[in-house]
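Colleague: Got a minute to walk me through this one? I'd like to get my bearings before lunch.

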Amino acid sequence: MKTKKIFCVFGICILIFLALGACITSGGLTYEEAFKRNWDIDLPENMTQQLNESDSDRFGGGGDGIRYAVYSAIEEPAAFIEDFNKERDEEFENTVTKTIDAAQFDVPENFLPDWEAEYYWKHTGKGTSEIRKYWHNLYIIYFPDTLTFVFCQYFM
């Protein structure tokens, strides 16, 4: 009887540690909370997430890796996009496309950036040295015709 109790307590402890480990690995954050923590960005309230992809498991969890999300807005969030670039930028387009391709996501075509459409964009980086500047990047693309946002994060 005593052995059975010990195994039961031991089993419960293992389950608790596994659950805690899963929470710690995933960060326990919503995508919106991750934007706030990682980039100090508050997403507008009138947006709905349409797609969310992450390859952080390839990098041992903990939030590192490439994340890709698509949001739709009910109305244009003018304050949020006021500092976005409004001119096309081929280098930006190529960088975002390469980042998405590197993640090997199976993103449906209608959720990929349409570089032929009008778009506004913003790039935020958190690198502290010449090498690290490539490790923490957020690319945001806004398509005003469809009120759609694409967020592509590269966080290492």
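**Getting our bearings**

Modeller: Sure. Starting at the N terminus, the elements of the chain go α-α-β-β-α-α-β-β-β. Keep in mind that this is a predicted model.

Colleague: How many helices and strands are in the chain?

Modeller: Four helices and five strands.

Colleague: And how much of the chain counts as buried?

Modeller: The chain has 156 residues, and 37% of them count as buried. On the outside, about 10000 Å² is exposed, with carbon and sulfur atoms supplying 55% of that.

Colleague: What share of the contacts comes from residues 24 or more positions apart?

Modeller: Taking contacts with a separation of 6 or more, 66% are between residues 24 or more positions apart.

Colleague: Let's talk about H4. How many residues does H4 have, and how far does it reach?

Modeller: H4 has 14 residues and spans 20 Å from first C-alpha to last, close to the 20 Å expected at 1.5 Å a residue.

Colleague: Which residues of H4 are buried?

Modeller: Phe-92, Glu-93, Val-96, Thr-99, Ile-100 and Ala-103. They take up an arc of only 135° around the axis, which puts them on the same side of H4.

Colleague: Why would residues three or four places apart point the same way?

Modeller: That's α-helix geometry: there are 3.6 residues a turn, so residues with that spacing point the same way.

Colleague: What do the buried residues of H4 pack against?

Modeller: Strands S2 (65-73), S3, S4 (136-143) and S5 (148-155).

Colleague: And which exposed residues are on the face turned away from the buried side of H4?

Modeller: Glu-90, Glu-91, Lys-98 and Asp-101 are the exposed residues there.

Colleague: Zoom in on Thr-99 for me. Buried or exposed?

Modeller: Thr-99, in helix H4, is buried at 10% relative accessibility. Setting aside neighbours within four places in sequence, Thr-99 is in contact with Ile-66, Tyr-139, Cys-152 and Tyr-154.

Colleague: Switching to aromatics. How many aromatic pairs does the structure hold?

Modeller: Twelve. Take Phe-92 and Trp-115: the ring centres are 6.3 Å apart and the planes sit at 85°, so that pair is edge-to-face.

Colleague: Where do those two rings lie along the chain?

Modeller: Phe-92 is in helix H4 (residues 90-103) and Trp-115 in the loop between H4 and strand S3 (120-125), so the pair ties together parts 23 residues apart in sequence.

Colleague: Is that loop Trp buried or exposed?

Modeller: Trp-115 is buried, with a relative accessible area of 14%, and Phe-92 is buried too, at 5%.

Colleague: What else is Trp-115 in contact with?

Modeller: Not counting neighbours within four places in sequence, Trp-115 is in contact with Arg-88, Phe-92, Glu-93, Val-96, Thr-97 and Ile-141. For Trp-115 and Thr-97, the C-alpha atoms are 9.9 Å apart, with their positions 18 residues apart in sequence.

Colleague: Which residues form the aromatic cluster?

Modeller: Tyr-71, Phe-80, Phe-84, Tyr-120, Tyr-142, Phe-149 and Phe-151 form one cluster. Tyr-120 also has a charged visitor: the charged end of Lys-86 sits over the ring of Tyr-120, 4.7 Å from its centre.

Colleague: OK, new topic: helix H2. Which of its residues are buried?

Modeller: H2 covers residues 31-39, and the buried residues are Tyr-31, Ala-34, Phe-35, Asn-38 and Trp-39. Looking down the axis of H2, they fall within an arc of 105°, so they line one face of the helix.

Colleague: And what covers the buried residues of H2?

Modeller: The cover includes strand S1 (47-54), along with S2, S3, S4 and S5.

Colleague: What follows H2?

Modeller: Asp-40, which has a positive phi, near 55°.

Colleague: Last one: Ile-74. Where is the place of that residue?

Modeller: Ile-74 is in the loop between S2 and helix H3 (78-81). Ile-74 is exposed, with a relative accessible area of 67%.

Colleague: So what does Ile-74 touch?

Modeller: Asn-46 and Leu-147, leaving out residues up to four places away in sequence. The C-alpha atoms of Ile-74 and Thr-148 are separated by 9.4 Å, though the two residues are 74 apart along the chain.

Colleague: Great, thanks!

Terms used
Residues numbered from 1 in each chain as written. Predicted model: local features only at pLDDT ≥ 70, side-chain atom pairs only at ≥ 80, totals over all residues. Heavy atoms only, no water. Phe/Tyr/Trp six-rings, centres within 6.5 Å; stacked < 30°, edge-to-face > 60°. Buried < 20%, exposed > 50% of the residue type's maximum accessible area, 1.4 Å probe, protein only. Lys NZ or Arg CZ within 6 Å of the ring centre and 35° of its normal. Contact = heavy atoms within 4.5 Å. Areas by Shrake-Rupley, 256 points an atom, 1.4 Å probe, with all protein chains shown as cover. Expected span 1.5 Å × (residues − 1). Arc of directions from axis to C-beta.
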